[in-house]
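Trainee: Could you take me slowly through one part of this model, the second strand and its surroundings? I would like to know what lies beside it and how it fits into the whole sheet.

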Amino acid sequence: GFLRILQWEGVQAIFHYDAQRSDEQLALLDIYGEKLEGPRNLHMDDDIESVLERFPQENPIGVLYGDGENAPYGLLELNDGGASIVYAVEVEEGSVLLSLTFVGDRLADMTCSVL
């Protein structure tokens, strides 16, 4: 197959095509600028508490909901200087992952990928 990479200020989109350069599918959408919003009205610089309020959670840390391996699930990992959150849902084509990276307690990067 083929990849088509499109980039704009603060956004990158990668599309996958089959060998005939048809059957286009979005493989990755990366938002790291302030011009666009992500799922559930996420914006760069949102604080982690307001982001967590927009998604289901059964636990305050670690596995937020689900089993952490089979979609749907949510995972929160704290690290030095920030945190990362991954949400997974099943779709017809496989799984969609929304990965959120926080520097301090502020959203710095959103990546949506299809597996």
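**The second strand and its sheet**

Mentor: Let us begin with one pair of residues: Leu-6 stands opposite Ala-13, which belongs to S2. The model is a predicted one, in which local features need pLDDT of at least 70 and side-chain atom pairs pLDDT 80 or more, while totals for chains, interfaces and linings use all residues. Residues are numbered from 1 along each chain as its sequence is written, and side-chain values use heavy atoms, leaving out hydrogens and water.

A second pair sets Leu-3 opposite His-16 in S2. Altogether, 7 bridges join S1 to strand S2 (residues 11-17), and the two run antiparallel; strands are DSSP runs of E with at least two residues, helices runs of H or I with at least four, and pairing takes at least two bridges. Between these strands the hairpin has 2 residues, and Gly-10 takes a positive phi near 85° there.

On its other side, S2 is joined by 6 bridges to strand S3 (residues 25-31), again in an antiparallel arrangement, and here Ile-14 has Leu-28 of S3 as its bridge partner. Of the 7 residues of S2, 6 are buried, so the strand is largely enclosed by the rest of the structure (buried means under 20% relative accessible area, exposed over 50%, partly exposed in between, with a 1.4 Å probe and protein chains only).

Stepping back, we find 8 strands in an open sheet with antiparallel pairing, following the order S1-S2-S3-S8-S7-S6-S5-S4. At the edges are strand S1 (2-8) and strand S4 (62-65), each of which pairs on one side only.

In this order S8 follows S3, and a contact involving S8 is worth following too. Asp-47 forms a salt bridge with Arg-106, their closest N and O atoms lying 3.8 Å apart (a side-chain nitrogen of Lys or Arg within 4 Å of a carboxyl oxygen of Asp or Glu). Because Asp-47 lies in the loop between S3 and helix H1 (48-53) and Arg-106 in strand S8 (residues 106-114), the pair ties together parts that are 59 residues apart in sequence. Asp-47 is partly exposed at 24% relative accessible area, as is Arg-106 at 35%. Arg-106 also forms a salt bridge with Asp-105, where the closest N and O atoms are 3.6 Å apart, and through shared partners Asp-47, Asp-105 and Arg-106 are joined into one network.
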